[in-house]
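Please look through the sequence and the model shown here before reading on. The paragraphs below go from the overall layout to the strands, the helices and the ligand surroundings.

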Amino acid sequence: MIRFGTVLLALLPAAGQTVRTPTRSWTQESAYAGSRICAGCHGAIYARQEASNHAGSLRPPAATKELTDSLPIRIADRASGATLTLTQSAEGKLELEASKEDKIERITLEWAFGSGAKGITPVGRKNDGTFVESRISWYAFQHQFGLTTGAAGGDPKTESESLGRNLSVKDVQECFSCHTTGYAPDQPAPARSEMGIRCERCHGPGAEHVRVMQAANQKAPGADKKIFHPGTLDAFSQAQMCGSCHGRPPRDTDLDAIRLIEQSPNTVRFSSQRLVLSRCFNESADGLKCTRCHDPHTNVVAQRQHWDTRCLACHSAGVRAKARTCPIAGSNCVSCHMPSERVMRNSEFTDHWIRVVRERARR
Ligand code: HEC
Ligand code: HEC
Ligand code: HEC
Ligand code: HEC
Ligand code: HEC
Ligand code: HEC
Ligand code: HEC
């Protein structure tokens, strides 16, 4: 019993997190089942989710075409005077090497973070076990490698430092807890877990659910399905759940936090934090859930029509929501009210603080 309890605890993320550590939203006690088994009964959702950028947000580097297609590459690191080379070995491993005069440092890259929608940053480990975030990343924006965001300002002195930023154990645990499923925080690397954000990262461990659903006569309406259904959350709780990765939202009483988010353009990266500032969110009867606009099992939809329909569901004459209509235009709402902003050199984000945006560039 005790041993079982210990294992379970180890599988669950710790409570009482800071901003960069995701919370668990579920309450069921269960072991993880792995997403494959969900496919048997939730085939359509599974197929969409498997192809999503959530699922692809962590992969083995050798399975990441964006990386392997452009190898070998060589970049001169002006800051350190070292030469960085990324190659694929005969066994298929990706190796990053930094050489300066006759000194050479090398690491094998073990994880590719990012689906490639925006960028991919490889992470490897030195011989002494230290995790290293590669100094070079692949960016969709230019469709090529460049200095990793945040590393551009770095000042590596040695060939070892030019390989990339050393990550502390805490950094690594945070990376994995947001980019994998079923990650045990006491593990240095995700041993038991699945790569990428899969079913049980949002629904919680599912072995009990599978057991109950496989048994006959357990499908009665109202019976405990032993799995977390995030559709039961109110709008703010859902913003918190998604916000455990997409920027934890402040409560509407936390005026200092709200002011800080309003005043920091870089918070556009954090959709949950920005959305809760919107009048649409605060003044609608049931709030404005992420899932009103996004299918959580698939990527964003690109058509204007999709978004216009969402806005007009509240902002049309005669609808119950009592939201005003626009005096300026009748379509393409997000182009003016949710503009895309360049946050960092290599990526743009959509401002989820829905409002009349004044004196700013629009897309
Ligand atoms: C043996 C078939 C089976 C398997 C395997 C299975 N499910 Fe289900 N699941 C069901 C059935 C049946 C329902 C109830 C459907 C309904 O009420 O419409 C359900 C409902 C759900 C719900 C909604 C729960 C609720 O309260 O309404 C979620 C979420 C869910 N499953 C997730 C998963 C995940 C994640 C996995 C993989 C770990 C999984 N399921 C594996 C059969 C299965
Ligand atoms: C465990 C962390 C985590 C949670 C929880 C999470 N996300 Fe994400 N989300 C990510 C990561 C990481 C990416 C970037 C994936 C990539 O590499 O492209 C992402 C990307 C997205 C995208 C962009 C997909 C695309 O088209 O490229 C949307 C939309 C999104 N998330 C919505 C949501 C919503 C809605 C929720 C809550 C139901 C949610 N996310 C919960 C981590 C998370
Ligand atoms: C709090 C959860 C969280 C943590 C911790 C986290 N990420 Fe992410 N990561 C995300 C989300 C959400 C996205 C997608 C939206 C974005 O880029 O902000 C993302 C996107 C990415 C991307 C895609 C490119 C990009 O910049 O958008 C890479 C690469 C990445 N993360 C690497 C890492 C690495 C390496 C670490 C650890 C040093 C890490 N992440 C830690 C949540 C997290
Ligand atoms: C990023 C978080 C996230 C991931 C990953 C995720 N889900 Fe969901 N899932 C949700 C949310 C949020 C809802 C509620 C949707 C709503 O209310 O419209 C949901 C709803 C469901 C439902 C109930 C559908 C219904 O109509 O009642 C099932 C079943 C389900 N998910 C299965 C899965 C399976 C299987 C996977 C993996 C292949 C998966 N989910 C991955 C967030 C997620
Ligand atoms: C769930 C209903 C709902 C949805 C969906 C919704 N809104 Fe709103 N929105 C409101 C309410 C309620 C208000 C406050 C009353 C008002 O200004 O009409 C508001 C206010 C606004 C305002 C005025 C903001 C201000 O600071 O005065 C703009 C602009 C706006 N919404 C645009 C949009 C756009 C664009 C979309 C789609 C991307 C959208 N809304 C989706 C309910 C909604
Ligand atoms: C009123 C509709 C609406 C709501 C509600 C909404 N989003 Fe979005 N979201 C959008 C639009 C529009 C885009 C941009 C799509 C595109 O690129 O064409 C977007 C894009 C995203 C992206 C991709 C990165 C980016 O910034 O472009 C993420 C991640 C995301 N949303 C997360 C969330 C989360 C988490 C929530 C809930 C807290 C949420 N969204 C609620 C409309 C919405
Ligand atoms: C070309 C840019 C543009 C587009 C497209 C656009 N709007 Fe607006 N919208 C504005 C501007 C500018 C204002 C402020 C008008 C003012 O204060 O005189 C505004 C005001 C609003 C308001 C506040 C109304 C009020 O009485 O002050 C709402 C709500 C709104 N828009 C919703 C929408 C919706 C919904 C759509 C899509 C059907 C949309 N907008 C399309 C630029 C736009």
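What follows is a walk through a predicted model, beginning with its overall make-up.

The protein contains 14 helices and 14 strands, and 33% of its 363 residues count as buried. Among the contacts in the protein with a separation of 6 or more, 54% are made by residues 24 or more positions apart.

A convenient place to begin is strand β5, which covers residues 103-113 and takes part in several strand pairings. With β1 (58-59), strand β5 runs antiparallel and is joined by two bridges, and L58 stands opposite F113 of β5. The pairing of β5 with β4, residues 94-100, is likewise antiparallel and is made through seven bridges, E95 having T108 in β5 as its bridge partner. The hairpin formed by β4 and β5 leaves two residues between the strands, and E101 there takes a positive phi near 50°. On to β6, residues 119-125, strand β5 pairs in the antiparallel sense over five bridges, with L109 having G124 in β6 as its bridge partner. In the hairpin of β5 and β6 there are five residues between the strands, and G114 adopts a positive phi near 100°.

These strands lead to the nonpolar interior. In soluble globular proteins, nonpolar side chains tend to be buried together. The largest nonpolar core of the model holds 29 residues, and L84, L96, F113 and V123 are those with the most contacts inside it. At least two residues of this core come from each of β3 (82-88), β4, β5, β6, β7, β8 (136-139), β9 (144-147) and α5, and β5 gives the most, with five residues. L96 can serve as an example of the surroundings: leaving aside its neighbours within four places in sequence, L96 is in contact with L84, L86, R106, I107, L109, G124, S134 and L163. Apart from this core lies another, of 13 residues, which has A239, C245, C280 and F281 among them.

Helix α5 is one of the elements that supply the largest core, and its own buried residues are V172, Q173, C175, F176, S177 and H179. What covers these buried residues includes the strands β1, β5, β7 (131-134), β10 (164-167) and β11 (180-181). On helix α8, residues 235-246, the buried residues are Q238, A239, M241, C242, G243, S244, C245 and H246. The buried residues of α8 pack against α5 (169-179), α10 (271-275) and α12 (290-293). Of these buried residues of α8, A239 and C245 also belong to the core of 13 residues. Just after α8, G247 takes a positive phi of about 90°.

Which residues come nearest to ligand 2? Of the 23 residues around ligand 2, these are N53, S115, C242, C245 and N299. The elements that give two or more residues to this shell are α5, α6 and α8, and α8 gives the most, with five residues. By class, the shell around ligand 2 divides into eleven nonpolar, ten polar and two charged residues. It also draws at least three residues from each of domain 1 (58-166) and domain 2 (230-362).

Ligand 4 is surrounded by 19 residues, of which Q49, C199, C202, P230 and G231 are the closest. Two or more residues of this shell come from each of α2 (43-50) and α6 (199-203), and α6 accounts for the largest share, four residues. The shell around ligand 4 divides into eight nonpolar, nine polar and two charged residues. Helix α6 thus appears in the shell around ligand 4 as well as in the shell around ligand 2.

Around ligand 5 there are 21 residues, and the closest are C280, C311, C314, R324 and H337. C280 has already been named as a member of the core of 13 residues. At least two residues of the shell around ligand 5 come from each of α11 (279-282), α13 (304-312) and α14 (333-337). By class, this shell has 13 nonpolar, three polar and five charged residues.

Key:
Residues numbered from 1 in each chain as written. Chains lettered and ligands numbered in written order. Predicted model: local features only at pLDDT ≥ 70, side-chain atom pairs only at ≥ 80, totals over all residues. Near = placed C-beta within 6 Å. Nonpolar A, V, L, I, M, F, W, Y, C, P; charged D, E, K, R; others polar. Buried ≥ 20, exposed ≤ 12 C-beta atoms within 10 Å, placed from the backbone. Contact = placed C-beta atoms within 7 Å. Pairing = 2+ DSSP bridges. Domains from an automatic or database assignment. Core = buried A, V, L, I, M, F, W, Y, C linked by C-beta atoms within 7 Å.
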